[in-house]
Amino acid sequence: MPILKLNRKRVAPKKLPSRLFRELVSHKVLNSKGIAVRVVDVLPATKAGPRHPHSHRAMEEVIYVEKGSGKAWVNGEVAKIGPGDTILIPAGAHHMMINTGRGMLKLFCAFSAADPENRYREHPDTSYPQ
């Protein structure tokens, strides 16, 4: 079986509210069966515009902070985040990463299912600290 490989520079970014992401592994990319990986660039909060917390049904997420500074908001709890930090988001938890710096907040996100887009849900009625 050949080695399946993809360089993130060859993947065009997709836009979501206040962030860009590149999908590196999923059922659509590299035909994975049980995992997805994305690189996410979160805009600074001053440039981001409105955004809502979201959740992923029946799927955990691990977020690794490569660059920048911000806050992790998970089910009403807040923690400062920076390079080298790793966060485990439980399945179904309402969450979002907020960029408190001036440059991009660069994250690597791994999901315990190959189809994160089918498990994504925004929560516009959930309040969080700005």
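Here is a short walk through a predicted model, from its sheet to its nonpolar core and then to one buried loop residue.

Let's begin with the sheet. Six strands make up an open sheet, and following it across gives the order 1-2-3-10-5-8, with antiparallel pairing. Strand 1 (14-16) and strand 8 are the edge strands; each has a single partner, so one side of each is left without a neighbour in the sheet. From one strand to the next, the twist averages 25°.

Within this sheet, take a look at strand 2 (residues 19-25) and strand 3, which run antiparallel and are joined by six bridges. If you want one pair to locate on screen, Glu23 has Arg38 of strand 3 as its bridge partner.

Now for the core. In soluble globular proteins, nonpolar side chains tend to be buried together. Here the largest nonpolar core has 19 residues, and those touching the most other members are Ile63, Ile81, Ile87, Ile89, Met97, Leu105 and Leu107. Two or more residues come from each of strand 3 (36-42), strand 5 (61-67), strand 6 (70-74), strand 8 (86-89) and strand 10 (105-111). Strand 10 is the biggest contributor, giving four residues.

Ile87 is a good place to zoom in. Setting aside residues up to four places away in sequence, Ile87 touches Glu61, Val62, Ile63, Val65, Ala72, Ile81 and Met97.

Finally, is Ser32, in the loop between strand 2 and strand 3, buried or exposed? Its relative accessibility is 12%, and buried means under 20%, so Ser32 counts as buried. Beyond its neighbours within four places in sequence, Ser32 contacts Val25, Ser26, His27 and Ala114.

Definitions and conventions. Residues numbered from 1 in each chain as written. Predicted model: local features only at pLDDT ≥ 70, side-chain atom pairs only at ≥ 80, totals over all residues. Heavy atoms only, no water. Core = buried A, V, L, I, M, F, W, Y, C linked by side-chain atoms within 4.5 Å. Buried < 20%, exposed > 50% of the residue type's maximum accessible area, 1.4 Å probe, protein only. Contact = heavy atoms within 4.5 Å. Pairing = 2+ DSSP bridges. Axes fitted to C-alpha atoms, helices over the stretch in contact; angles between N-to-C directions.
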